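Please describe how the two chains of this model meet, and how the strands of chain A are arranged into sheets.

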Amino acid sequence: MEEILTITNLTKSYGSKEILKGIDIHASRGEIIGYIGPNGAGKSTTVKIILGLEGDYGGEIKLFGENIKHNAIDYKRKIGYVPEIADVYDNLTGYEYLTFIGQLYGLELEEAADKSQSLMALFGVGEAYHSRISSYSKGMRQKLLIIASLIHNPDLLFLDEPINGLDANSVMIFKEILTQLAAQGKTIFYSSHIMDVVEKISSRIILLYDGKIAADGTFAQLQASNAEGTLERIFNQLTGFHEHQEIGEKFVSIVQGGQA
Amino acid sequence: MTDFKTLQLLDKFRLLFVKTGIDYDMMRKILHIKLTMDERKVPTLFNQNKKKGDQKYGYIKSLWIYVLFGLVLIPLMGFGQNFLFQMSISYAMIIFLIMTSLISDFSSVLLDVRDKSILSTKPISAKTINAAKFMHIFIYLSYLTMALTAIPLVVSLFTQGIIFFLLTVFEIILINLFIVAFTAILYIVILRFFDGEKLKDIINYVQIGLSLVLMIGYQVLIRSFEFVNLDIVVSFHWWNVFLIPMWFAAPYELLLNGNSSLFTIIYTILAVIIPIISIALYIKLIPTFERNLQKLLNTSKSKKEKNNRLRAFLLTLICSTHEERAFYRFATLMMKQEREFKLKVYPSLGFSFIMPFLFIFTFSRSGGIDYASSMSYLNIYFSMMIIPSAVLLLGHSAKYKAAWIYKTLPLKNYTALQKGSLKAFLVKLYLPLYSVLSIIFCYMYGIRILPDLLAILVTSCMYTLICYMTISNKIPFTKPYDEIGDAQGWKVMLLFIPIGMFVVLHYLITQIAFGSLLYCIMLLIINLLLWKIIFKR
């Protein structure tokens with residue numbers, strides 16, 4: 001299989017604080033990679049580095065066989081990105097925002113307009129196409145972000161909590177979209193804290209813990225080398241977390257007026 | 001989305017951008033989107049009432065005040081040969097106005113963090129993004145500068161000749177570059193040492209200061225033309241080097257008055273070199289700036305709440321119930337921390353501090369005041385002009401949507417909230433203002449006016465209640481600011497009438513012996529009763 005993304009010994013520090021302590025990732029065409037880890041493990045930092053939002057890193061990142069430091073701009077044309085907390089120019093309308101983003105990726109205005117209108121309609125938010133984004137509900141906003149990340153037909157997708165706020169039916173549509181995209185040879189990085197979803201859609205799972213890769217493999221492989229059961233269990237085990245019961249009990253006792 | 005004339009004009013300079021390696025088409029698209037968004041910054045509610053064509057040029061329409069200030073420059077720039085003095089003053093004004101307006105209106109452009117995540121993830125070079133940002137600010141600064149200087153420039157062209165005119169145009173361009181670079185470097189320094197919240201606070205205070213200066217400046221300007229004296233001779237001192245406007249005044253001496261002293265030459269060189277150096281420095285620092293910009297997103301360090309026993313005790317005296325106290329604290333925090341509230345209220349707070357003095361001195365010019373017996377201390381009533389607009393604004397908030405919590409709370413009615421917020425306003429904003437005023441007035445008029453001052457304080461409490469009844473906010477901090485319409489504005493104006501009635505009443509009562517003391521006691525009783533009755537419902 002053709003290798004799309006190669007990360008070798010990636011390190012990154014903020015001052016004296018080491019966020020990434022040497023990460024190696026190889027991703028191929030058509031993979032859906034569940035990219036998980038506790039808060040602050042360095043997941044979004046990795047993605048930000050790949051997208052060029054953060055500089056000053058150690059190690060090497062190769063996209064489509066080329067080091068991203070050598071041509072720092074053009075490779076972005078092949079990437080789509082749904083950030084977890086997304087800033088949007090929300091005083092624009094859906095039409096205005098999507099065509100703007102499309103044009104930034106080098107699409108013609110008409111092409112971007114046609115595409116975004118059909119995609120919005122398919123996602124069931126066609127009637128909001130010409131209203132201001134500030135009036136959108138959370139789910140509508142999320143759909144807009146998903147469309148904005150796909151409008152230029154990218155080969156590599158980074159999705160951070162993409163189904164946040166979507167209703168169950170839309171989630172089903174979205175999962176189907178991901179499967180279809182992967183079948184077409186797109187590579188997808190899927191970050192989420194909802195383990196059930198990651199477990200079901202990923203063809204491979206990478207777990208980041210404390211700036212290092214703690215596990216990398218298919219769900220079956222992870223089960224074999226760690227605890228059996230759900231991905232949630234494996235997650236708990238790999239991140240060394242066992243006190244959930246104790247903390248939960250304390251929490252409830254304080255809610256009921258007891259002592260800490 | 002319609003095309004912009006400004007951008008069509010910019011198209012003429014396309015080659016200039018292409019030559020420097022900027023993707024012009026991309027930059028134009030970004031600018032187009034930015035200008036479209038700026039057009040919509042005008043409060044949405046106003047838009048709906050007006051015709052479609054009206055909402056355009058909202059920014060340009062707001063420039064009339066700068067045109068007005070530009071008129072002051074006419075005598076300075078248009079007449080006289082005392083260039084060093086005249087032009088120093090002119091440039092001081094120009095620099096001050098442009099810089100403060102840049103900080104208050106365009107900081108959002110310089111500090112837009114959305115740009116980073118939306119634009120930087122796209123295949124656009126950083127150079128193009130930065131060029132778009134710079135041009136965005138540049139477009140607005142040109143509007144502003146033109147509004148300010150166009151009329152004086154035309155006058156000077158006829159009175160001072162072509163060389164003066166060209167030199168001024170050239171220097172104004174230099175000054176604009178200098179100001180943008182200087183402000184950006186200032187932000188870089190602030191962001192280097194403080195977090196984003198601090199920077200937002202500083203910007204907020206500059207905005208407040210600017211509105212206050214414009215408000216008072218407008219009042220003072222009208223009265224100040226007689227003070228303009230063009231015969232002042234300015235000579236150079238070494239410390240003048242720090243007076244930036246003077247640099248820009250020096251070339252006139254050199255070129256037009258033929259003064260080629262050492263200082264003139266040094267200043268002329270500074271006027272040209274420093275803007276160029278600062279812009280070069282800015283371009284060099286852009287990457288650092290962008291990196292530090294990330295700080296704006298970071299959460300600021302948390303502060304520990306101080307617990308003050310005495311304050312807690314005093315609070316129980318002011319607010320009787322638990323709910324009311326909670327809301328008093330909340331309203332205090334909102335007034336202290338919501339930047340938009342501060343921006344709207346604090347300038348008028350400063351204004352109502354100045355107003356009494358403005359009136360006293362205006363009248364005192366026509367004839368001397370005998371402070372020992374004068375009644376002109378009644379001018380302190382003018383400080384009450386803050387109350388109606390403050391009470392009106394208490395009903396509004398930028399975060400009005402957060403008001404859903406009141407619907408979910410087990411509250412019988414909202415009187416405690418209203419009472420708490422009104423009291424918080426009186427204690428935290430009005431009382432400090434009034435106390436300082438009172439101290440100054442006591443110093444001027446003697447302590448004989450103490451009973452009167454007390455009576456006026458009680459009147460303000462009562463007046464606050466009248467304002468509250470007239471404006472009739474349902475729940476504090478629950479309406480968006482742009483819902484303040486003309487009707488509300490009229491109410492605020494109408495509410496100035498009772499102030500006049502209070503003044504007349506007070507004046508009549510002071511004619512009776514011990515009148516003010518009795519008046520004070522009477523007011524106190526009425527006041528207490530009124531607060532009880534009104535909030536009973």
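The report below takes up the contact between the chains and then the sheets of chain A.

**Contact between the chains**

The model is a predicted one, and in it 19 residues of chain A are in contact with 18 residues of chain B. On the side of chain A that touches chain B, helix H2 (residues 94–104) of chain A gives the most, with four residues. Sorted by class, the residues of this side of chain A comprise ten nonpolar, four polar and five charged.

Across the interface, H2(A) meets helix H3 (residues 24–39) of chain B, and the axes of these helices come within 10 Å and cross at roughly 165 degrees. Angles over 145 degrees count as roughly antiparallel, and H2(A) and H3(B) are therefore roughly antiparallel to each other. Their crossing is left-handed. From H2(A), the contact is made by Glu96(A), Phe100(A), Gln103(A) and Leu104(A), while H3(B) contributes Met26(B), Lys29(B), Ile33(B) and Thr36(B). The classes in this contact of H2(A) with H3(B) are four nonpolar, two polar and two charged residues.

**Sheets of chain A**

Strands of a sheet pair through backbone hydrogen bonds, in either a parallel or an antiparallel manner. An open sheet of six strands in chain A follows the order S6-S7-S8-S3-S9-S10, and its pairing is mixed. Its edge strands, each of which pairs on one side only, are strand S6 (79–82) and strand S10 (212–217) of chain A. Neighbouring strands of this sheet are turned against each other by 15 degrees on average, with direction ignored. Helix H8 (residues 231–238) of chain A packs on the sheet, where H8 touches S3, S9 and S10 of chain A, and the direction of H8 makes about 30 degrees with that of S9(A).

Chain A also holds an open sheet of four strands, in the order S2-S1-S4-S5, with antiparallel pairing. Here the edge strands are strand S2 (17–28) and strand S5 (66–67) of chain A, and each of them pairs on one side only.

One strand pair from each sheet is set out in the table.

| Strand pair | Bridges | Direction |
|---|---|---|
| S3 (residues 32–36) and S9 (residues 204–209) of chain A | four | parallel |
| S4 (residues 58–63) and S5 of chain A | two | antiparallel |

Individual residues can be placed within these pairs: Tyr35(A) has Ile206(A) as its bridge partner in S9(A), whereas Lys62(A) stands opposite Asn67(A) in S5(A).

Notes:
Residues numbered from 1 in each chain as written. Chains lettered and ligands numbered in written order. Predicted model: local features only at pLDDT ≥ 70, side-chain atom pairs only at ≥ 80, totals over all residues. Contact = placed C-beta atoms within 7 Å. Nonpolar A, V, L, I, M, F, W, Y, C, P; charged D, E, K, R; others polar. Axes fitted to C-alpha atoms, helices over the stretch in contact; angles between N-to-C directions. Parallel < 35°, antiparallel > 145°, perpendicular 65-115°, else oblique. Left-handed = near helix turned anticlockwise from the far one by under 90°. Pairing = 2+ DSSP bridges.
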